[in-house]
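Good morning, and thank you for coming. Please take a moment to look at the sequence and the structure on the screen.

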Amino acid sequence: VVLQQNERFSKIEEKYRFLHGKTSSLFDMEEEVLKVSKKCESIQPMLQALGGQRGALQPQLEGFEQDVTRLKEWASGLTEKRALLQTSLIALRDAMGQIEERTSAIAKDFANKV
């Protein structure tokens, strides 16, 4: 029973490390998205200033606006994924705590019987 608990605990530890790695990469991606978003925000006033000169610049301007919209949607999706991963990570930590408690109780019981 103790060996089975240890094996389960090892598997959960592996999953925890994997999720932690994914979360770290999402944090890095989120930082990059924030940088890009700031650049997009700085471009927005320039786009508005160019609005008066729309003629030949119209297609490029619309392309920029679409890019900004897509980037904002992408950043929003990343934030949602980050929140889901954070929730999963918390649930995994709770499960690990419960397994540690059970393993400790089993080990104590086993030691008392021996």
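I shall go through the overall form, the core and the surface in turn.

This is a predicted model, in which local features need pLDDT of at least 70, side-chain atom pairs count only at pLDDT 80 or more, and totals for chains, interfaces and linings use all residues. Residues are numbered from 1 along each chain as its sequence is written, and side-chain values use heavy atoms, with hydrogens and water left out.

First, the form. The protein chain has two helices and zero strands; these are DSSP runs, with helices being H or I of at least four residues and strands E of at least two, numbered from the N terminus. The C-alpha atoms fill a box of roughly 90 × 15 × 15 Å along the principal axes. Among contacts (heavy atoms within 4.5 Å) between residues at least 6 apart in sequence, 86% join residues at least 24 apart.

Next, the core. Which residues make up the largest nonpolar core? There are twelve: Phe 9, Ile 12, Leu 19, Leu 26, Val 33, Ala 75, Leu 78, Leu 85, Leu 89, Leu 92, Met 96 and Ile 99. Helix H1 (2-50) and helix H2 (54-113) each supply at least two of them, and H2 gives the most, with seven. Such a core is a set of buried Ala, Val, Leu, Ile, Met, Phe, Trp, Tyr and Cys residues joined through side-chain atoms within 4.5 Å. Buried means under 20% relative accessible area, with a 1.4 Å probe and protein chains only.

Finally, of the 114 residues of the protein chain, 18% count as buried.

Notes. Buried means under 20% relative accessible area, exposed over 50%, partly exposed in between (1.4 Å probe, protein chains only).
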